[in-house]
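Reader: I would like to learn how to read strands, helix packing and backbone angles from a set of coordinates. Could we go through one case, feature by feature?

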Amino acid sequence: MFASDVNPARDAGRVTTAGVVLFPIPFRWPHGGRSVFLSGSFNRWAELVPMSPVEGCPNVFQAVCAVSHGCHEFKFLVDGEWRHDERQPHKNGEYGIVNTFDALPIPAEVPQVQPCSEIPNNMEVDNGLTHRISAVTLNQVMPRISEVDVQASRHRISVFLAAHTAYELLPESGKVVALDVDLPVKQAFHILSEQGIPMAPLWDFYKGKLVGVLSASDFILILRELGNHGSNLTEEELETHTISAWKEAKAYMNGQIDGHGRPIPRNLIYAGPCDNLKDVALKILRNGVAVVPVIHSSSEDGSFPQLLHLASLSEILKCICRYFRHCSGSLPILQLPIYAIPLGTWVPRIGESNSWPFAMLRPTTSLSSALNMLVQAQVSSIPIVDDNDSLLDIYCRR
């Protein structure tokens, strides 16, 4: 959604393809923080400009942005939270309280970094400099596409997904491991580990059908229960505690019970090999599941099912990429940099609540805290960072 590696100052004084001259304007955030970014109306709130700490002044961050003349609004993203500077001009805008400034149509040089004692607490536009920067052709324009192109890309992808089936996700060779619901939980997780798989469908011998999936999430919840001193589940019980018993206990934990106190049975979310990929993707998204078993049955009542594959969103995305690999021009949206597409959860959108901050772990974080964060943040992986928020490793469910 936002840029993290742009250099706006390099475009200052240049002429865009639309004939608009851009001028270098310094911005400052004097209130500290570990990571500070800037975004505003001058870049259509579509880019995230990193701000650097001033040498000798660790609490002061600055950045120089190329802006056109006129009235502009901006905000700072400080440690994952959108903020404005009370000491600078501000007003209520479309994205809450925003800072404002007027850029006069007089180009200015990029100012030298001032010593710490001379740095003001408010943003200044140096109008005293009269040296004009030569206007040159902009060599590198930030790629943008119209809403029409975005909708056209979505339509082509939708048509592709509707025209292709889950059968195309099946590998030429491979295996799918299914577990009996009467297996002890501990043995089941040993099997997942030995087979190198994060999840497996569950087979109920008495019902003669697949009834669910055992995943890494179950393993995480069990570890949390073992660490909960008020829990009735003990490590010794895992030797005999069956998968079906765990699924029933999980239903009670999640409050999925009927008026008689019995667990509410949940139907297995699955797809047939002839189902189109669009329907498969919608089943995954709408039901909040990681995979959908692809099942074939030659009988009308669905008995004697054959488990063919476990379909996931990543496989559907790979299928899209293979199909459009040699004709990416027909999908303008693929020409955008990754930060321009609102994917991921690394930063809240402008104006949105910051109640879901970016989840991060420190090397000293306890395992129980890491597991709790995976569950609470509803993510598949969490970055491990040092005190400067530099990436060290990634802790994931698999």
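Author: Let us begin with a single pair of residues in this predicted model: Pro26 stands opposite Val64, which belongs to β5. That pair is one place in a longer match, in which β1 and strand β5 (residues 57-67) run antiparallel and are paired over seven bridges.

Reader: What is the order of the strands in the open sheet that holds β1 and β5, and how is the pairing directed?

Author: The general idea is that strands of a sheet pair through backbone hydrogen bonds, either parallel or antiparallel. Here three strands make an open sheet, ordered β1-β5-β4, and the pairing is antiparallel. The edges are taken by β1 (23-29) and β4 (52-54), each of which has a single partner strand, so one side of each is left without a neighbour in the sheet. Within this sheet, neighbouring strands are turned by 40° against each other on average, with direction ignored.

Reader: Which strands pair with β6, and over how many bridges?

Author: Let us take the partners of β6 in turn. β2 pairs with β6 in the antiparallel sense over five bridges, and in that match Phe37 stands opposite Leu77 of β6. Five bridges also join β6 to strand β9 (residues 96-103), again in an antiparallel run, with Cys71 opposite Asp102 in β9. Finally, three bridges join β6 to the antiparallel β7, where Phe76 stands opposite Arg83.

Reader: How many of the residues of β6 are buried?

Author: Seven of the nine residues of β6 are buried, so this strand is largely enclosed by the rest of the structure.

Reader: How should I read the sign of phi, and where does Asp79 stand in that respect?

Author: As a general matter, most residues other than glycine have a negative phi, and most peptide bonds are trans. Asp79, although not a glycine, has a positive phi of about 55°. Its setting is the loop between β6 (70-78) and β7 (81-83), and the hairpin of these two strands has two residues between them. Asp79 counts as partly exposed, because its relative accessibility is 39%.

Reader: What is the phi of Trp45, and is Trp45 buried or exposed?

Author: Trp45 also has a positive phi, near 55°, in a residue other than glycine, and is found in the loop between β2 (36-40) and β3 (49-50). Trp45 is buried, since its relative accessible area is 11%, and the cut-off for that word is a value under 20%.

Reader: How is the sheet that contains β11 arranged, and which helix packs on that sheet?

Author: This open sheet has three strands in the order β10-β11-β12, and its pairing is mixed. β10 (179-180) and β12 (209-214) are the edge strands, each with a single partner, so one side of each is left without a neighbour in the sheet. Helix α4 (residues 243-253) packs on the sheet and touches β10, β11 and β12, its direction making about 65° with that of β12. As for the pairing of strand β11 (residues 200-204) with β12, five bridges join the two in an antiparallel run, and Leu202 has Gly212 as its bridge partner in β12.

Reader: What surrounds His309, and which side chain makes a polar contact with that of His309?

Author: His309 lies in strand β14, and strand β14 (residues 306-312) pairs with β13 in the antiparallel sense over six bridges, with His296 opposite Gln306. Five of the six residues of β13 (residues 291-296) are buried, so that strand is largely enclosed by the rest of the structure. His309 itself counts as buried, at 10% relative accessibility. The side chains of His309 and Glu315 are joined by a polar contact of 2.9 Å, and among the other residues that His309 touches are Leu169, Pro171, Val176 and Val292.

Reader: At what angle do α5 and α6 pack, and which residues meet there?

Author: Helix α5 (residues 277-287) packs with helix α6 (residues 313-324) at an angle of about 145°, their axes being 10 Å apart, and the crossing is left-handed. From α5, Leu277, Val280, Ala281, Ile284 and Leu285 meet Leu313, Ile316 and Cys319 of α6. By class, the residues of this contact are eight nonpolar, no polar and no charged.

Conventions
Residues are numbered from 1 along each chain as its sequence is written. This is a predicted model: local features need pLDDT of at least 70, side-chain atom pairs count only at pLDDT 80 or more; totals for chains, interfaces and linings use all residues. Side-chain values use heavy atoms; hydrogens and water are left out. Axes are lines fitted to C-alpha atoms, for helices over the stretch in contact, and angles run from 0 to 180 degrees between N-to-C directions. Helices (H or I, at least four residues) and strands (E, at least two) are DSSP runs, numbered from the N terminus. A crossing is left-handed if the near helix is turned anticlockwise from the far one by less than a right angle, and right-handed if clockwise. Contact means heavy atoms within 4.5 Å. Ala, Val, Leu, Ile, Met, Phe, Trp, Tyr, Cys and Pro count as nonpolar, Asp, Glu, Lys and Arg as charged, and the others, Gly among them, as polar. Two strands pair if DSSP finds at least two bridges between them. Buried means under 20% relative accessible area, exposed over 50%, partly exposed in between (1.4 Å probe, protein chains only). A polar contact is a pair of N or O atoms within 3.5 Å; within protein, one must be able to donate a hydrogen and the other to accept it, and residues adjacent in sequence count only if both atoms are side-chain atoms. Lists of a residue's contacts leave out its neighbours within four places in sequence.
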